[in-house]
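Here are some exercises to help you find your way around a structure that's new to you. Have a go at each task before you read its solution.

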Amino acid sequence: MAARTIAELALALRDGETSSVELTQHYLNRINQANTGLNAYITVCEEQALTQAKLADQRLADGDSSPVCGIPLAHKDIFCTQGITTTCGSRMLANFVAPYNATVVEKFNAAGAVTLGKTNMDEFAMGSSNETSFFGPVKNPWDMERVPGGSSGGSAAAVAADLCVMATGTDTGGSIRQPAAFCGITGFKPSYGRISRWGMIAFASSLDQAGPICKSAEDAAIMMNVMAGLDRKDSTSVDLAVPDYTADLEKSLDGLRIGVPRQHFAEGLNAEVETAVREGLKEFEKLGATLVDIDLPNNHLSVSAYYVVAPAEASANLSRYDGVRYGYRCDNPVDLEDMYKRTRSEGFGDEVKRRILVGTYALSAGFYDAYYRKAQQIRRLIKQDFLDAFDQVDVIVGPTSPHAAFALGAKSDPVAMYLEDIYTIAVNLAGLPGVSIPAGFSNGLPVGMHLVAGDFDEARLLNVAHQFQRATDWHLQRPDFKIEEGSA
Amino acid sequence: MSWETVIGLEVHVQLSTQSKLFSGTSTKFGAEPNTQANIYDLALPGTLPVMNEAALAMAVRFGLAINAEIGKKSVFDRKNYFYPDLPKGYQVSQLHYPIVGLGSLTVTLEDGTERVIGVTRAHMEEDAGKSLHEDFHGMTGIDLNRAGTPLLEIVSEPDLRNAKEAVAYLKKLHSIIRYLDISDGNMAQGSMRCDANVSIRRVGDTELGTRTEIKNINSFKFVEKAINYEVMRQREILEDGGRIVQETRLYDSDLNETRSMRSKEVANDYRYFPEPDLLPVVIDDQYIESVRASLPELPDQKSERFATEFGLSHYDAGVLVSSREMAEFFERVVEICGDAKLSANWVTGDLLGLLNKNNWEFADSPIDAERLGTLIARIKDKTISGKIAKTVFEAMIEDQDDVDAIIDKKGLKQVTDSGAIESLIDEVITNNPDQVQQFRDGKEAVFGYLVGQAMKLSKGKANPAQVNQILRDKLK
């Protein structure tokens, strides 16, 4: 049962094959048994989940046909959930019980979904391996010695291990797509502004975007229908009608022009990953698409530009964590300065501190023009590269990550870690929609294929991804993840 | 050595919107601490700003009132620093692209001369909360009710040359914001705050001297004193061969001196960058014109109109328009009694005197425009004399009854019956034979004495003009 997709579970609920309460209990049992090892969940909301499930069953009985009604989901612990601890993977917020719901959470609640719990993540979304979390690293269900990717590692691992059927994530430089690739599932990041950031704890305001983490493009489309839409409480939220993202899934790919960026198949790309992606591209040709070689000439600048802009914005976004009004406060502060210094030194982990320092430096007098302003100008060039490319092609396809999941503790050099996002980061800088879908294996570990479309072309992206998943079965592969005694 | 003073004023005006600049929390004054601060104001994780359009409209109104360039695309920036009354650890302000650009206003000095003072810019920003040190025994209490209230920061060009000009500029600014009704403009309560940048240089020098910033000035009077003190302080230093340290100084009104607060040379680096949670504010000509259409008549225009329409002197007109409340009060009085000159005298004289003595605003006046207008109307229709009117006025302070009722109650109606006046005068002539004889012998001055006696006999109620006329007739 847990191995099914959202669409399949929705059917099972409607057919009476199962109930939301039964389904929810089923997932809770699996979490109970598996989470100690996997560490995908920080908080499990057993009581609340069952209460929501009962209400959902009532709604279903009354004939409610919302596609996610009664379906259990997990929220990345970056989304404020009213009355539930919201930690953002940090000691700084380990005691923070949110007094309100993020818009994303409200939308799922209104649609009748059931919240199983809050998933683990890199601290303040800063990381590409889910190793910076105050609550310990998350393991990859395909190989427990390896990372699931980050920063939405908990959500990805939970979906891959069937500890939920759907999860929310956030993506600032690749934090939905890269863990999806490492865990062999589907991770979708919509255009900037498509989904509300209200209640989504801010890392880098002009780059952060929420998105679905699930088992298929179809499931992602179902989730997008719930998540997307204008929210007046978020001034960067876009006033564009939300189409039915499931409507165009079956469109033929005949005549589709696929851009293959030279820069994404260069040095540093693992051979098996490249093979898998190139095989995937052949699949697209079989489906009627044409491949076009394209250039993203400023691609090599994307990581540098990102690691100026994102930390700069983060350095300001994290200033509010000072021990004054909520969250962690150091013991017995002597005076104000002592309280600030010790609260922030003790409350934040190393990677967060590193980025705050970098960001503060990049904004400081005498350096602002050379770093922050320059990076924002480069950003425009990067966006222009994409706009130029989309004059010739409809979607751009390449690898999500240069290699498959690496071992825990393998990347101790922060800069080496930053290069993990080399294919995904430009998409955030450009504000475009991107998705990672399973495309094969490298040494027994999942390989993700990365697809990018133009501004607000989510429907097309989901269509292309879905057609690939109709023609292949990579996305149906499951890790050999055993849950002892009493599992389903 | 001849020194020239150069002053620039930075005025922060709290805009009187109903809710804060970026959140829907009430801005009402006087609430219990921390009862007017929502999750955005408290900077809880995940909260985001949404701009209050009413604040934008107020800022544009101000810009139009000072004939300034209006920023059609203005941008909010984050100004970063740590302080417990600044919950986010940054203030959302506007740096390079303010909503209002270069403008000016005209100031009339005490001697009647006019000076045009430039306004460099005005921008919107969030107010911080309040830090309360008393009552907390070695700690500080933070009240965030004020955090997030919209401010308009108005920066003048360094065009002011002495303390009196600075005060005149401040008063004109205050008058404008009151006319526009965009702020209470109350310096004592903090809805209008003034910082003064002061420097001096030798007459003839084109370069500006090192300036200091004076803070903690909370009345017009203290603005003048603080500036004068600072100018003197700087003169002494420079004449002694010393140098001015560029710094922020606090004005102490008890000791009438300024004291060093912090050196501006090692000032905070605010690390400004454009606010990524807000889009640039883009407004078009249509919007600007719709705001312009909503502007009330401003002091300068009103003053001109009072002079031409009502035939008032520029001085009188100037006094009347110095506050919107007074100007409107005056117009209402004229509406009722039809005599602008008399109204001007009564409003700027007796009424203003009464209000100032008791520290009342026009809104608190025990004598409203209707009653004052009626009082003057009774002078004009000769029900009472101007002199008796003063007595009625005094009675009207305590007694809220209408004017006619008070005149009746006190029996102050002017006597205009010629028969009655004739008998009065007959009595006076009978009782003052010597003075009558002196007048008939040519001593004109004694006439006034006889008039006075008649008035006294009538307890002031006889119509003076009639008394004059009838007495003269009888003495022929």
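The exercises below look at a predicted model, and each one comes with a worked solution.

**Exercise 1. The sheet in chain A**

Task: Work out which strands stand at the edges of the open sheet in chain A, and why one side of each is left without a neighbour.

Solution:
- Start with the strand order. The open sheet has 11 strands, and in chain A they run β1-β3-β2-β4-β6-β5-β10-β11-β9-β7-β8, with mixed pairing.
- Now go to the edges. β1 (41-44) and β8 (290-294) of chain A stand there, and each has a single partner strand, so one side of each has no neighbour in the sheet.
- While you're there, check the twist: from one strand to the next, it averages 30 degrees.

**Exercise 2. A strand pair and a helix on the sheet**

Task: Find the sense in which β2 and β3 of chain A pair, then find which strands helix α4 of chain A touches.

Solution:
- Take β2 (residues 72-76) and β3 (residues 114-119) of chain A. Their pairing is parallel and runs over five bridges.
- For one of the partners, pick A:Ala74: its bridge partner in β3(A) is A:Gly117.
- Next comes helix α4 (residues 103-110) of chain A, which packs on the sheet and touches β2, β3, β4 (166-171) and β6 (209-214) of that chain.
- Finally, compare directions: the helix makes about 175 degrees with β2(A).

**Exercise 3. Following strands through chain B**

Task: Trace the pairing from β5 to β6 and on to β9 in chain B, and find which residue of the hairpin takes a positive phi.

Solution:
- Begin with β5 (residues 103-108) and β6 (residues 114-126) of chain B. They pair in the antiparallel sense over six bridges.
- Look across the pair: B:Thr108 is opposite B:Glu114 in β6(B).
- Now the hairpin. It has five residues between β5(B) and β6(B), and B:Gly112 has a positive phi near 95 degrees.
- Move on to β9 (residues 150-156) of chain B. β6(B) pairs with this strand too, in the antiparallel sense and over seven bridges.
- For an example from that pairing, B:Met124 has B:Leu152 in β9(B) as its bridge partner.

**Exercise 4. Salt bridges, buried or not**

Task: For three salt bridges, decide whether each partner is buried or partly exposed, using 20% relative accessible area as the cut-off for buried.

Solution:
- A bit of background: side chains of opposite charge can pair when their charged atoms come close. Over all chains, this structure holds 69 salt bridges.
- First up is A:Lys411 with A:Glu420, whose closest N and O atoms are 3.2 Å apart. A:Lys411 has 23% relative accessibility, so it counts as partly exposed. A:Glu420 has a relative accessible area of 1%, so it's buried.
- Then take B:Asp181 and B:Arg178, where the closest N and O atoms are 4.0 Å apart. B:Asp181 is partly exposed at 47%, while B:Arg178 is buried at 18%.
- Last, B:Arg378 pairs with B:Asp381, with the closest N and O atoms 3.0 Å apart. B:Arg378 is buried at 18%, and B:Asp381 is partly exposed at 43%.
- Salt bridges can be followed further in chain B: B:Glu297, B:Lys302, B:Arg305, B:Glu309 and B:Glu331 are linked in a network of them.

**Exercise 5. Backbone oddities**

Task: Locate a cis peptide bond and two residues other than glycine that have a positive phi.

Solution:
- Know what to look out for: most residues other than glycine have a negative phi, and most peptide bonds are trans.
- The cis bond joins A:Gly150 and A:Ser151, with omega about 10 degrees. A:Ser151 sits in the loop between β3 and α5 (153-160) of chain A.
- A:Phe456 has a positive phi, near 55 degrees. You'll find A:Phe456 in the loop between β11 (445-453) and α15 (458-471) of chain A, where it's partly exposed at 30% relative accessibility.
- B:Lys459 also has a phi near 55 degrees. This residue lies in the loop between α14 (446-457) and α15 (464-475) of chain B, and B:Lys459 is exposed, with a relative accessible area of 68%.

**Exercise 6. A nonpolar patch**

Task: Find which residues make the nonpolar surface patch of about 280 Å².

Solution:
- The patch is made by A:Tyr361, A:Phe367 and A:Tyr371.
- Place one of them: A:Tyr361 belongs to helix α11 (residues 350-363) of chain A.
- Then check its exposure: A:Tyr361 is partly exposed, at 43% relative accessible area.

Methods
Residues numbered from 1 in each chain as written. Chains lettered and ligands numbered in written order. Predicted model: local features only at pLDDT ≥ 70, side-chain atom pairs only at ≥ 80, totals over all residues. Heavy atoms only, no water. Pairing = 2+ DSSP bridges. Helix = DSSP H or I, 4+ residues; strand = E, 2+ residues; numbered from the N terminus. Axes fitted to C-alpha atoms, helices over the stretch in contact; angles between N-to-C directions. Contact = heavy atoms within 4.5 Å. Patch = residues over 30% accessible without salt bridge, like charges linked within 9 Å, V, L, I, M, F, W, Y side chains within 5 Å. Areas by Shrake-Rupley, 256 points an atom, 1.4 Å probe, with all protein chains shown as cover. Salt bridge = Lys/Arg side-chain N within 4 Å of Asp/Glu carboxyl O. Buried < 20%, exposed > 50% of the residue type's maximum accessible area, 1.4 Å probe, protein only.
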